[in-house]
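Hello,

Here is the structure we talked about handing over. Please open it first, then read the notes below it.

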Amino acid sequence: MRCLLSLFVFLTSFFGFCQTDDAPKDFVLDVNQFYGSILLHNPDISHLITNHPGGVILGISRKTYGHKEWEADFGYPDTGYTFVYQNTNNPTLGEHFGVYGHYNFYFFKRNVQLRVAQGLAYTNNPYDKDDNFRNNAYGSHILSSTLLMLNYHRENLFAGLGVNAGLSFIHYSNANFKAPNTSTNTFAINFGLTYNLDEETNYEYMATEPKGTITEPVRYNLVLRGGANESDVINMGRYGFATISAYADKRLGKRNAVQLGTDIFFSNFIKELIRYQSIAFPELDVDADTDYKRVGLFLGHELFVNKMSVVAQLGYYVYYPFDFEGRMYNRIGMKRYFGDKVFGAITLKSHGAKAEAIEFGIGIRL
């Protein structure tokens, strides 16, 4: 658990969930109970869907009032942290404890709240070949987790107390850091209370002056990504990988840019998978000397939020000597700019809903 918390603190510090400015320190606490079902997204986990999971979602959010330009542009969202306890009510899957950084976005006169949260979770009963071989959903104690909550949300109805109720979606996966990694998705209903810590003070939303249209020439980016992952063959071993990405982007306005580029993948787990299949499955007719490298072309979009941005890319392998999960791939994640040119990135590369790896990257935008 100490390792989990340390990594989470690093991630939230890296992406800047905490505010250190002189804006109002207006905090809201929330607690929600949830009850739902694990979705059958893969027939391989059908034996694990036996009961309805339940749990508790706790959150602390700091409200924004437009002291920074991006806050007004996105409708004055909240920033904060979430803790989730989930009991799967299945001894094979066990219990999950997650910590997240979140944003709350508001709609319909701030009566509807969308929480988008990303973090890490600890599961107490992952796969073990001797003691828990039926758990093919999680191969490790530490999981990446995504939380989405869509709530009817009313604050400070009486003495700081408010209510919210809605729907939640919680995803758990270790992104193939260790096999097995079939993952789970929980869909649930939730209901709870909110409490404003400063209910007696009314803060005004600031309307920032627009800075006009942002125009930039085409910018060129070079990114080096790396990490470690494993194939779906259990106990084959974890191997390091490296990806070199080069792309051009064109700013379409203050918040958006489109991208076009190429990736070169050096995935050592595929090298080992080729060797394994050539020996263990001769009927597959895999040559042991098959090249493990892949080259892809991609289109992407970048959403700029202050020093942070959100990226989404869709790619196609143009050099694909070994068949692994199909020619299409996608990447989503976050970037954090350090100055005007240098940035760090954490992204999830996958093939549809099938994760391949979490990538840690460093890049330059010229």
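**The barrel**

In this predicted model, 8 strands close into a barrel. Their order is 1-2-3-4-5-6-7-8, and the pairing is antiparallel. On average, neighbouring strands of this sheet are turned by 25° against each other, direction ignored.

One pair in the barrel can be followed residue by residue. Strand 4 covers residues 95–107, and strand 5 covers residues 112–123. The two pair in the antiparallel sense over 12 bridges. Which residue of strand 5 stands opposite His-102? Look for Ala-117. As background, strands of a sheet pair through backbone hydrogen bonds, either parallel or antiparallel.

**The largest nonpolar core**

The largest nonpolar core has 18 residues. Val-84, Tyr-100, Leu-147, Ile-170 and Tyr-172 have the most contacts inside it. Four strands each supply at least two residues of this core: strand 1 (27–38), strand 5, strand 6 (142–158) and strand 7 (161–173). Strand 6 gives the most, with 3 residues. Strand 5 thus appears twice in these notes: it pairs with strand 4, and it supplies at least two residues of the core.

**The largest cavity**

How many cavities of 30 Å³ or more does the structure hold? There are 3. The largest cavity holds about 50 Å³ of space.

Its lining is made up of Val-223, Arg-225, Tyr-247, Gln-259, Val-311, Gln-313, Lys-335, Phe-343, Ala-345 and Thr-347. By type, that lining divides into 5 nonpolar, 3 polar and 2 charged residues.

Which strands each supply at least two residues of the lining of the largest cavity? They are strand 9 (219–229), strand 13 (308–319) and strand 15 (342–351). The largest share, 3 residues, comes from strand 15.

**The second largest pocket**

Now to a pocket. The second largest pocket has a volume of about 490 Å³. It is lined by 17 residues. Nearest its centre lie Ile-214, Arg-251, Phe-304, Asn-306 and Asp-340.

What is the make-up of the lining of the second largest pocket, by nonpolar, polar and charged residues? The lining divides into 4 nonpolar, 2 polar and 11 charged residues. Arg-251 and Asp-340, both lining residues, are good places to start when you look at this pocket on screen.

Best wishes

How values were computed
Residues are numbered from 1 along each chain as its sequence is written. This is a predicted model: local features need pLDDT of at least 70, side-chain atom pairs count only at pLDDT 80 or more; totals for chains, interfaces and linings use all residues. Side-chain values use heavy atoms; hydrogens and water are left out. Two strands pair if DSSP finds at least two bridges between them. Axes are lines fitted to C-alpha atoms, for helices over the stretch in contact, and angles run from 0 to 180 degrees between N-to-C directions. On a 1 Å grid over the protein atoms alone, a cavity is a set of points where a 1.4 Å probe fits but cannot get out, and a pocket is an open set with protein on both sides within 12 Å along at least five of seven lines; lining residues have an atom within 4 Å of a point. Grid points are joined across faces, edges and corners, and a volume is the space filled by probe spheres set on the points. Ala, Val, Leu, Ile, Met, Phe, Trp, Tyr, Cys and Pro count as nonpolar, Asp, Glu, Lys and Arg as charged, and the others, Gly among them, as polar. A nonpolar core is a set of buried Ala, Val, Leu, Ile, Met, Phe, Trp, Tyr and Cys residues joined through side-chain atoms within 4.5 Å. Buried means under 20% relative accessible area, exposed over 50%, partly exposed in between (1.4 Å probe, protein chains only).
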